[in-house]
Every structure is written in structure tokens, then in C-alpha cells.
Amino acid sequence: MTTTNQAYKAVIAEQHDGQRFDQVLAEMFPDYSRSRLQGWIKKGRALLDGAEVQPRVRVKTGQTVLLSPELEAVSDSAAEAMPLTIVFEDADLIVINKPAGLVVHPGAGNSAGTLMNGLLHHAPELETLPRAGILHRLDKDTSGLLLVARSVAAHTRLVRALEQREIRREYRAVCNDRLTAGGTVDAPIGRHRTHRTRMAVVDGGRPAITHYRVLARFAAHTFIAVRLETGRTHQIRAHLAHSQHPLVGDQTYGGRLRIPRGSSEALAEVLRAFKRQALHASDLGFEHPVSGEDMQFHAPLPQDMLDLLDALAEGNRADFEAMRWP
């Protein structure tokens, strides 16, 4: 394969003889997604023997392919200067430690002031990537690590890694009631049948698997580590609510505020004041999409969760930050 004036020239190998043009391109140029390649075929930016063809055309051994990539803007969100806590960045990816209260993607009622707006200001090249390179989501009131692709090659490879469950995502959470042991929730998630802004365990939902381990138990609460095998919207929150152990502070899935009988006034005040779900994306692990290096990141517990845990411990202080997956 050779590059000519920022275009790629290649010859159809025998192994691809008789295959569809778009399928062959996806194998020959794995740094680009199949949907992006199909778009370039339709725009005449992928030629077969110098001619424009349809994506379904069958190719023959020895034919010449000329690909002229066009990285057009796919995001129309405005760039905004804002402070970002960047844990790591290079030419291919960015790892962000998102604070609670920051919306990730623009949407109804949140057209500005989102993480995406801030990322587009920090790295303008992200406008050529779907969702400005943001690969997974964290709810507004969930804190912690978020992975962002910065190049086309990194985006394509990291999307595949997510689909193949090769990216480790671990969380810390505080749930209501005492869990006796860790476990797994394997239950499909879909839209709630009556509350359409909520997710729920429903027949016919998308497969969803959540693993959890007990880190510390309190009188009526449990500090847990959680690992996602799948990445459905509100997965942890919906699964724990389905298991009758909703997250502390979760006003969508947790129901009424629970103050255990016999709690001190100090603990009751902390529970009343904790207005977000007690959920933090603490750990992220993956293979660097370009270099192949093993990448491991950790975001310490935010102060509000540390204060909550200290209050729940009621004088039995412990190093909650040091607790790891058993």
C-alpha cells in the first residue's frame, strides 16, 4: 500500500476476489469505520480502477483502489473554554476526570456548558469525530473517568474494543441496605414502560451484566466496587434498584430518602444533604489503540463521597480510597 498526496492507493489481493467493495475497504483500511468508508464511496472519494462504483460492487484480484479520506466536521456544537481535569492525553486519546454536575453531551435544555463543548475548545480536531470522540457516557451527577478518542484511528479501534468488552471500567458506589456478599446482576435493560426517561429491567431489553463486590458494610448501607461487562444507559443505577439496593442519593431510581432507624443526627444530615447518586467511575484500563501499551488509570474518590463514607462509618474510620476490588 502506498500513499499519494494524502490519498491511499492499494491493489485488490486474491483473498478479496469476489467480495463487496465496501467490505474490502473495511479490511484494507481498518482505521476507518465501515459507515465512514461507505460515505466516501458514495461521494466518489473511494475509486475502483479510477471509477466511481457502488458499495455493493464485487471486486476482482489486481484491481486498484484509490481512497481519498475527507475528515469533515460531524459536530455542530460550539467550542467553549472551561476547566477540564485531564488525567492523560496524547495525539490519540484523552482521559478526563469528570466532576459531578457536568453534563457530557449537549441535549434538550443543555445546548451549552457541557463536557463536549469544553473538549471542542481544548482539542478542535475532535469536531471530525462522532460525539467529539467521547466513547462512553457518564450521567450528569456521576463523577469519574471518561475516555475520549482524539484521532480517527483511535476512535475506530476503541469503539471495537468497547464492543468486544476489552475496556475495563470500574466504579465505586454506596448503596442502601447491607449486602451480604458480592454478586452479578444479569438482566436485560430497556426503557421503563411508563416513565420513558428512566431505564428498567424489562423483557426484550438489551443484555446487561453488572458485577459488584463488597468493600465495606455499615449499619444500613454498603460500599461496593462495580465492574461493567456491558454499557447500557443507567445500567448500574437500574440494576441496583432492581436488586432492591438503590444507590444513596439517586433521586430517579432510589425512591424516598432512606434514613435508617437509630441514625445519629449527624448521619441523617449528611444523608439529607447528599443530592446525587453515590457513584464514581474510579478505574479505567485498556490497550492503547495505536501503541499497544497497557493503559491503567485511577481517579480518587471525590470529597463528597469520602465525607459520606466517613459519616456512615460513625467513628470507625477507614482508608476507603485504598480499598480495591477483592
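How much space lies in the second largest pocket? I looked this up before anything else, keeping in mind that the model is predicted. The second largest pocket holds about 390 Å³ of space. I listed its lining: 17 residues, with Val103, Asn110, Arg137, Asp139 and Lys140 the closest to the centre. By class I noted five nonpolar, seven polar and five charged residues in that lining.

I then turned to the largest pocket. Its space comes to about 950 Å³. I found 31 lining residues, and Leu135, His136, Arg137, Gly231 and Arg232 lie nearest the centre. The elements that give two or more residues to this lining are α4 (152-163), β8 (168-176) and α5 (235-242). I noted that α4 gives the most, with four residues. The class count for the lining of the largest pocket is 12 nonpolar, nine polar and 10 charged. Arg137 is a name I wrote down twice: it is listed among those nearest the centre of the largest pocket, and also among those closest to the centre of the second largest.

Next, cavities. I searched the whole structure and found one cavity of 30 Å³ or more. The volume of the largest cavity is about 30 Å³. Its lining consists of Arg172, His280, Ser282, His298, Ala299, Pro300, Leu301, Phe320, Glu321 and Arg324. I sorted these into four nonpolar, three polar and three charged residues.

Then the nonpolar cores. The largest has 50 residues, and Phe21, Leu25, Phe29, Leu119, Leu126, Tyr171 and Ile224 touch the most other members. I followed Ile224 further. Leaving out residues up to four places away in sequence, Ile224 touches Tyr171, Arg172, Ala173, Cys175, Leu179, Tyr212, Arg213, Val214, Leu215 and Leu240. Apart from the largest core I found another, of 20 residues, including Val174, Ala216, Ala311 and Phe320. Two of these residues recur in my entries: Phe320 lines the largest cavity, and Ala311 is buried in helix α7.

Which residues of α7 are buried? In this helix, residues 303-313, I listed Met305, Leu308, Leu309, Ala311, Leu312 and Ala313. An α-helix has 3.6 residues a turn, so residues three or four places apart point the same way. I kept that in mind when I read Met305, Leu308 and Leu312 in the buried list. The buried residues of α7 pack against β8, β13 (221-228), α6 (265-273) and β14 (279-287). My last entry concerns Glu314, which follows α7 and has a positive phi, near 45°.

Note on methods
Residues numbered from 1 in each chain as written. Predicted model: local features only at pLDDT ≥ 70, side-chain atom pairs only at ≥ 80, totals over all residues. Heavy atoms only, no water. 1 Å grid on protein atoms, 1.4 Å probe; cavity = no way out; pocket = protein on both sides within 12 Å on 5 of 7 lines; lining within 4 Å. Points joined across faces, edges and corners; volume = space filled by probe spheres on them. Nonpolar A, V, L, I, M, F, W, Y, C, P; charged D, E, K, R; others polar. Core = buried A, V, L, I, M, F, W, Y, C linked by side-chain atoms within 4.5 Å. Buried < 20%, exposed > 50% of the residue type's maximum accessible area, 1.4 Å probe, protein only. Contact = heavy atoms within 4.5 Å.
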